[in-house]
Amino acid sequence: MTDDNIDDKLNEMREEESKGNRLDRDDPDSQRNFVDVLDDALEATSEGETSNNITAYDPKLAAVLHALEEDGRIDDVFEQLQDAYDGDSGLQKSSRSAIIRLAVRVGLQEGTDSVLDDLEEAVRRRQTTTI
């Protein structure tokens with residue numbers, strides 16, 4: 001490594017270190033966490049800044065949903081996913097959309113450490129008490 005490369009690297013490191021307040025970086029309580037990011041995302045969605053729809057291209061799952069409807073099994077799968085979900089989904093009627101929403105929620109519930117818990121916390125933060 002040449003002296004120029006070393007100087008460039010040192011300057012780059014100084015630049016990175018000088019960004020932000022050192023006290024803030026050292027204080028874990030001042031750091032944004034995932035609940036904060038979720039809270040911002042909920043705000044952006046409610047303000048129309050981001051889409052409130054989710055989309056996915058998956059021909060195999062599209063076929064499964066179609067087959068569930070054709071075979072009359074969509075209600076059974078809806079009930080099974082409702083039973084598997086620990087929270088209150090707020091969904092009352094089976095549909096393709098309901099199956100997808102529940103499947104994602106059950107997947108996040110079973111496959112992640114705390115994404116849904118963090119979401120619940122962010123939703124609680126956003127709820128206001130009115131008199």
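Here is a short back-and-forth on how the labels on this predicted model were reached.

User: What is the overall pattern of the protein along the sequence?

Analyst: Reading along the sequence gives α-α-α-α-α-α-α. That is 7 helices and 0 strands. Of the 131 residues, 18% count as buried.

User: Which residues of α5 are buried, and what puts them on the same side?

Analyst: Helix α5 runs over residues 74-84, and its buried residues are Ile74, Val77, Phe78 and Leu81. They cover an arc of only 105° around the axis, so they sit on the same side of α5. The general rule behind such spacing is that an α-helix has 3.6 residues a turn, so residues three or four places apart point the same way.

User: Which exposed residues does the opposite face of α5 carry?

Analyst: Gln80 and Asp83 are the exposed residues on the face turned away from the buried side. The buried residues, for their part, pack against α4 (59-71) and α6 (96-111).

User: Which residues touch the most other members of the largest nonpolar core?

Analyst: That core has 13 residues, and Phe78, Leu81, Ile99 and Leu102 touch the most other members. The elements giving two or more residues to it are α4, α5 and α6. Isoleucine 99 shows how this works: leaving out residues up to four places away in sequence, it touches Leu65, Ile74, Val77, Phe78 and Leu81. In soluble globular proteins, nonpolar side chains tend to be buried together.

User: How does the span of α4 fit what is expected for a helix?

Analyst: Helix α4 has 13 residues and reaches 18 Å from its first C-alpha to its last, close to the 18 Å expected at 1.5 Å a residue. Just after α4, glycine 72 takes a positive phi of about 75°.

User: Now the charged pairs. What makes arginine 32 and aspartate 40 a salt bridge?

Analyst: The cut-off is 4 Å between a side-chain nitrogen of Lys or Arg and a carboxyl oxygen of Asp or Glu. For arginine 32 and aspartate 40 the closest N and O atoms are 2.6 Å apart, so the pair qualifies by that rule. By this rule the count comes to 7 salt bridges.

User: Why is arginine 32 called exposed, but aspartate 40 partly exposed?

Analyst: Exposed means over 50% relative accessible area, and partly exposed runs from there down to the 20% limit for buried. Arginine 32 has 52%, so it counts as exposed. Aspartate 40, at 40%, therefore counts as partly exposed.

User: Which parts of the chain does the salt bridge between arginine 126 and glutamate 43 link?

Analyst: Their side chains meet at 2.9 Å, N to O. The pair links distant parts of the chain: arginine 126 is in helix α7 (residues 115-126) and glutamate 43 in helix α3 (residues 34-46), 83 residues apart. Arginine 126 has 30% relative accessibility and glutamate 43 has 33%, so both fall in the partly exposed band between 20% and 50%.

User: What else does arginine 126 touch?

Analyst: Besides Glu43, arginine 126 touches Asp39, Leu42 and Ser46, not counting residues up to four places away in sequence. The C-alpha atoms of arginine 126 and leucine 42 are separated by 8.5 Å, with their positions 84 residues apart along the chain. Across the protein, residues 24 or more positions apart account for 44% of the contacts with a separation of 6 or more.

User: How are arginine 124 and glutamate 121 placed in helix α7?

Analyst: They are 3 residues apart in α7, which means about one helical turn separates them. Their salt bridge has its closest N and O atoms 3.2 Å apart. Arginine 124 is partly exposed at 48%, and glutamate 121 is partly exposed at 29%.

User: Which residues make up the salt-bridge network, and why is aspartate 36 called buried?

Analyst: The network links Asp36, Glu121, Arg124 and Arg125. Aspartate 36 lies in helix α3. Its relative accessibility is 19%, so it counts as buried, the cut-off being under 20%. Neighbours within four places aside, aspartate 36 is in contact with Gln31 and Arg125. A polar atom of the aspartate 36 side chain also lies 2.9 Å from the backbone nitrogen of asparagine 33.

Definitions and conventions:
Residues numbered from 1 in each chain as written. Predicted model: local features only at pLDDT ≥ 70, side-chain atom pairs only at ≥ 80, totals over all residues. Heavy atoms only, no water. Buried < 20%, exposed > 50% of the residue type's maximum accessible area, 1.4 Å probe, protein only. Helix = DSSP H or I, 4+ residues; strand = E, 2+ residues; numbered from the N terminus. Arc of directions from axis to C-beta. Contact = heavy atoms within 4.5 Å. Polar contact = N/O pair within 3.5 Å; in protein donor to acceptor, adjacent residues only side chain to side chain. Core = buried A, V, L, I, M, F, W, Y, C linked by side-chain atoms within 4.5 Å. Expected span 1.5 Å × (residues − 1).
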